[in-house]
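Notebook open, coffee poured. I want to look up a few things here and jot them down as I go.

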Amino acid sequence: MRPLSLLLIPLLSLAACQTDGDAPSQTSGAPSSDTISTLGDDDRDLSADELEAGRYAGRGRDLTGIDTTGQAEAARSNPETLAQLGTETDWSSRLHVPLGGDVEGPSVAKLQALLDRAGFSPGQIDGRWGDNTELALTWFQKSAGLQATGIANQETVRALAQRSGDPAELVTTVTLSADDVAGPFPAIPSDVYERAKMDSLGYESLAEKLGEQFHAKPEFLSQLNDGLDLDGLSAGDELRVPNVRQPQAPSGAVSRIVISGDAGYLHALAANGDIVFHAPVTIGSSYDPSPDGEFTVTSVTRDPWWHYQPSILASVPDDLPDAQLPPGPNNSVGRVWMALSKEHYGIHGTKAPGTIGYASSAGCVRLTNWDALALAGMIEDGTPVRFRDITGRGDSEA
């Protein structure tokens with residue numbers, strides 16, 4: 001998993017691989033279908049220039065029909081900067097409003113925490129406005145019966161706070177436990193066969209582990225704590241962190257899943273059509289569902305093994321041997337695998353949370369590990385999955 005946030009990049013060619021629920025020897029009922037392209041290519045880091053080119057590009061505005069008229073004015077009225085994160089003292093739900101456009105700082109961080117707690121995930125919390133935040137806010141406004149502007153006003157903030165359980169603080173101070181800081185934090189080799197020799201593909205640093213635990217970019221966590229070196233923390237140390245959500249719904253609460261390929265989001269819907277959970281996703285360039293786009297979840301596997309198969313990988317020589325890669329957050333399918341009834345496809349986590357919503361996948365549907373785990377806890381085998389807005393094919397369903 002890499003801490004940098006990433007943006008939209010040219011989509012990768014589709015190739016298949018294999019995840020196994022139990023490996024190296026499979027057990028009955030272990031999932032055996034998935035898709036990923038060449039190892040690591042879909043999770044590559046991007047430069048700062050590439051990030052800025054695509055962080056706030058308006059992805060999905062046409063499909064969601066939002067009115068962005070006031071965004072430039074809202075941005076001009078906001079004096080906040082990321083430098084204020086370490087000195088901010090009011091972490092209540094009071095935000096600078098209107099909030100929208102190309103802005104950053106404490107109010108954006110608060111809004112991202114509210115959205116996360118409300119079950120409208122902005123992806124990786126970083127204190128900067130981007131397409132993931134705008135889409136999460138827009139769909140919350142639609143679900144709450146508010147005008148969908150992609151701009152947070154006082155009415156939107158009040159509704160979000162209520163949906164989020166009215167937290168007293170949106171950034172809180174925690175005392176780290178021994179489990180919070182526990183390693184080991186091994187360096188993960190680039191060679192796939194060296195990875196296969198490892199017991200697990202765990203976190204490479206404490207900063208990476210804490211970032212995932214609190215749904216945040218590690219650099220953002222450091223900024224919240226006056227530039228603190230996260231890797232130097234120990235049990236008993238205090239850390240300011242986003243006050244992120246607990247699971248929002250019990251298993252079976254989701255009646256169906258709808259995924260928008262062009263806008264890059266996933267909706268878990270209740271039987272009455274209400275949005276139970278929204279999250280940014282990436283899907284692959286070659287994803288080509290059947291005309292009706294209807295599939296089902298066939299199984300859910302937490303901490304899956306990944307079956308590396310050169311014979312079905314596009315850029316790997318076919319005569320190389322297979323390998324079984326162990327579970328862990330730095331496994332290419334992340335912490336959970338939700339297999340679909342379309343062979344070789346599934347919904348899963350990632351080792352690079354900053355890519356979600358911005359970088360392309362190689363065929364499957366990727367979420368941050370925390371969003372994937374949250375979704376897995378809400379669904380059951382047989383949950384319908386529908387793809388829309390794939391290469392321009394759209395409709396009006398959420």
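Before I look at any helix, I note the cut-off: a residue is buried when its relative accessible area is under 20%, exposed when over 50%, and partly exposed in between. I also remind myself that this is a predicted model.

**Overall.** I started with the whole protein. I found 11 helices and 14 strands. Of the 398 residues, 58% are buried. I then checked the contacts with a separation of 6 or more, and 68% of them join residues 24 or more positions apart. The accessible surface comes to about 15000 Å², and carbon and sulfur atoms hold 48% of that area.

**Helix α4.** Next I went to α4, residues 106-118. How many of its residues are buried? I get 13 of 13, so with the cut-off of under 20% in hand I call α4 mostly covered. I also checked its length. At 1.5 Å a residue, its 13 residues should span 18 Å, and the end C-alpha atoms are 18 Å apart, so the two agree. Just after α4 comes Gly 119, and I noted its positive phi, near 85 degrees.

**Cavities.** I looked for enclosed space and got two cavities of 30 Å³ or more. The largest cavity holds about 120 Å³. Its lining has 16 residues, and the ones nearest the centre are Pro 122, Gln 124, Asp 126, Asn 132 and Tyr 358. I sorted that lining by type: five residues are nonpolar, eight polar and three charged.

**Ser 200.** Then I picked a loop residue. Ser 200 sits between α8 (192-196) and α9 (206-213). Is Ser 200 buried or partly exposed? Its relative accessibility is 37%, so I write it down as partly exposed. Leaving out residues up to four places away in sequence, I see Ser 200 touching Pro 326 and Pro 327. I also checked Trp 305, which is 105 residues from Ser 200 along the chain; their C-alpha atoms are separated by 9.4 Å.

**Lys 351.** My last stop was another loop residue. Lys 351 lies in the loop between β12 (346-348) and β13 (365-366). I looked up its relative accessibility and got 9%, so Lys 351 counts as buried. Val 333 is 18 residues away from Lys 351 along the chain, and I have their C-alpha atoms separated by 7.3 Å.

**Side by side.** I put my two loop residues together: Ser 200 is partly exposed, whereas Lys 351 is buried.

How values were computed
Residues are numbered from 1 along each chain as its sequence is written. This is a predicted model: local features need pLDDT of at least 70, side-chain atom pairs count only at pLDDT 80 or more; totals for chains, interfaces and linings use all residues. Side-chain values use heavy atoms; hydrogens and water are left out. On a 1 Å grid over the protein atoms alone, a cavity is a set of points where a 1.4 Å probe fits but cannot get out, and a pocket is an open set with protein on both sides within 12 Å along at least five of seven lines; lining residues have an atom within 4 Å of a point. Grid points are joined across faces, edges and corners, and a volume is the space filled by probe spheres set on the points. Ala, Val, Leu, Ile, Met, Phe, Trp, Tyr, Cys and Pro count as nonpolar, Asp, Glu, Lys and Arg as charged, and the others, Gly among them, as polar. Helices (H or I, at least four residues) and strands (E, at least two) are DSSP runs, numbered from the N terminus. The expected span of a helix is 1.5 Å times one less than its number of residues. Buried means under 20% relative accessible area, exposed over 50%, partly exposed in between (1.4 Å probe, protein chains only). Contact means heavy atoms within 4.5 Å. Accessible areas come from the Shrake-Rupley method with a 1.4 Å probe; for residues, only the protein chains shown count as cover.
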